[in-house]
Amino acid sequence: MSAVSDRSASAEPGPLVLVVEDEPGIADILVAYLQRDGMRAQLAGDGQTALRLFNQLRPDLVLLDIHLPGMDGVDVLKNIRSGSETPVIMVTALADDVDKLLSLRLGADDYVVKPFSPAEVVARVRAVLRRTGSKPAASRSAPIRVGRLVVDMEAHGASTVDEDGQLQPLPLTLTEFRLLACLAAQPRRCFSRSHLIETCLPESDALDRVIDSHLSKLRRKLQNAGHGELIETVRSIGYRLWPGA
């Protein structure tokens, strides 16, 4: 099974659910039931793909299997919770209370145990969305603004507001955009290099110096666009976006 299912993407309005499940049969059933209930669904078959899609799509809720190839669901949850309060429902084949409690301590909003009723899972998704007050992604698609910098997650692009108030696109690579979007989502927060690698380059085995290289190029492009030293290096830790620097 491919990690991402094209057919799972839907143009229908409604909350967007990221389904992280490596068993094709279960994934197909969950996607079908969610879509039948008026929700959109995007499928990821492993943890790294899940993190990449989470950062790109900003879903309204994540259905997250614990036992995944490569990065497991618990580590995916840790990464999500390091920068987001997006509701997460854990899915596990183990009725082990330790797994359940561990998930809840890490910030999961609910859990379901396999085998489950797909209809029950959909009901849990609706209940968690109501409880957390999550709104459909389409309603919170406003671009992120940091000073004169504009990061549009929906359009997957960044721009500078010039002196005439016009948007001037920044020529960023995919990795540079991911890094900028991550930093801009929480200005002044310091992100470690390891966090940036896991969030922005989850499919690679990049080392710290690779992040340094990407950020150096990004910093230069921002400077050329008149943003000055917008990206700060925090010695021995990582990087942060510091408006007004």
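## Strands 7 and 8 and their sheet

Two strands are taken to pair if DSSP finds at least two bridges between them. In this predicted model, strand 7 and strand 8 (residues 157–161) are joined by four bridges and pair in the antiparallel sense. Within this pairing, leucine 149 stands opposite threonine 160 in strand 8. Strands of a sheet pair through backbone hydrogen bonds, in either a parallel or an antiparallel manner.

Strands 7 and 8 belong to an open sheet of four strands, whose order is 6-7-8-9 and whose pairing is antiparallel. Strand 6 (144–146) and strand 9 (167–169) stand at the edges with a single partner strand each, so one side of each is left without a neighbour in the sheet. Neighbouring strands of this sheet are turned against each other by 30° on average, when direction is ignored. Helix 6 packs on the sheet, where it touches strand 6, strand 7 and strand 8, and its direction makes about 110° with that of strand 7.

## The sheet of strands 10, 11 and 12

Another open sheet has three strands in the order 10-12-11, again with antiparallel pairing. Strand 10 (191–192) and strand 11 (231–234) are at its edges and have a single partner strand each, so one side of each is left without a neighbour in the sheet. Strand 10 runs antiparallel to strand 12 (residues 238–241), and two bridges join them; phenylalanine 191 has tyrosine 239 of strand 12 as its bridge partner. Helix 8 (residues 208–224) packs on this sheet, touching strand 11 and strand 12, and its direction makes about 145° with that of strand 11.

## A parallel pair

Strand 4 (residues 88–92) and strand 5 pair in the parallel sense, over four bridges, and valine 91 stands opposite valine 112 in strand 5. In a regular strand the side chains alternate between the two faces of the sheet. Strand 5 (residues 110–113) shows such an alternation, with Asp110 and Val112 pointing to one face and buried, while Tyr111 and Val113 point to the other face and are not buried.

## The nonpolar cores

In soluble globular proteins, nonpolar side chains tend to be buried together. The largest nonpolar core of this model has 27 residues, of which Val151, Leu180, Leu196, Leu215 and Leu241 touch the most other members. At least two residues of this core come from each of strand 7 (149–152), helix 6 (174–185), helix 7 (193–200), helix 8 and strand 12, and helix 6 gives the most, with seven residues.

Leucine 241, one of the core residues that touch the most other members, is in contact with residues including Val146, Leu149, Leu180, Leu183 and Ala184, when its neighbours within four places in sequence are left aside. Pro187, Arg188, Arg189, Leu230 and Ile231 are also in contact with leucine 241. A second, separate core has 20 residues, among them Val17, Leu43, Val121 and Val122.

## Helix 7 and histidine 195

Helix 7 is mostly covered, with six of its eight residues buried, namely Arg193, His195, Leu196, Ile197, Thr199 and Cys200. Histidine 195 has a relative accessible area of 11% and therefore counts as buried, since the term applies under 20%. Not counting residues up to four places away in sequence, histidine 195 touches Asn79, Ser82, Cys182 and Arg189.

## The cavity

The structure holds one cavity of 30 Å³ or more, and the space in the largest cavity is about 120 Å³. Its lining is made up of 13 residues, of which Asn55, Gln56, Met153, Arg178 and Ala181 lie nearest the centre. Helix 2 (47–57), helix 6 and helix 7 are the elements that give two or more residues to this lining, and the largest share, four residues, comes from helix 6.

## The protein as a whole

The protein has eight helices and twelve strands, and 46% of its 245 residues count as buried. Among the contacts in the protein with a separation of 6 or more, 60% are between residues that are 24 or more positions apart. Helix 6 links several parts of this account, as it packs on the sheet of strands 6 to 9, gives the most residues to the largest nonpolar core and provides the largest share of the lining of the largest cavity.

Terms used
Residues numbered from 1 in each chain as written. Predicted model: local features only at pLDDT ≥ 70, side-chain atom pairs only at ≥ 80, totals over all residues. Heavy atoms only, no water. Contact = heavy atoms within 4.5 Å. Axes fitted to C-alpha atoms, helices over the stretch in contact; angles between N-to-C directions. Core = buried A, V, L, I, M, F, W, Y, C linked by side-chain atoms within 4.5 Å. Buried < 20%, exposed > 50% of the residue type's maximum accessible area, 1.4 Å probe, protein only. 1 Å grid on protein atoms, 1.4 Å probe; cavity = no way out; pocket = protein on both sides within 12 Å on 5 of 7 lines; lining within 4 Å. Points joined across faces, edges and corners; volume = space filled by probe spheres on them.
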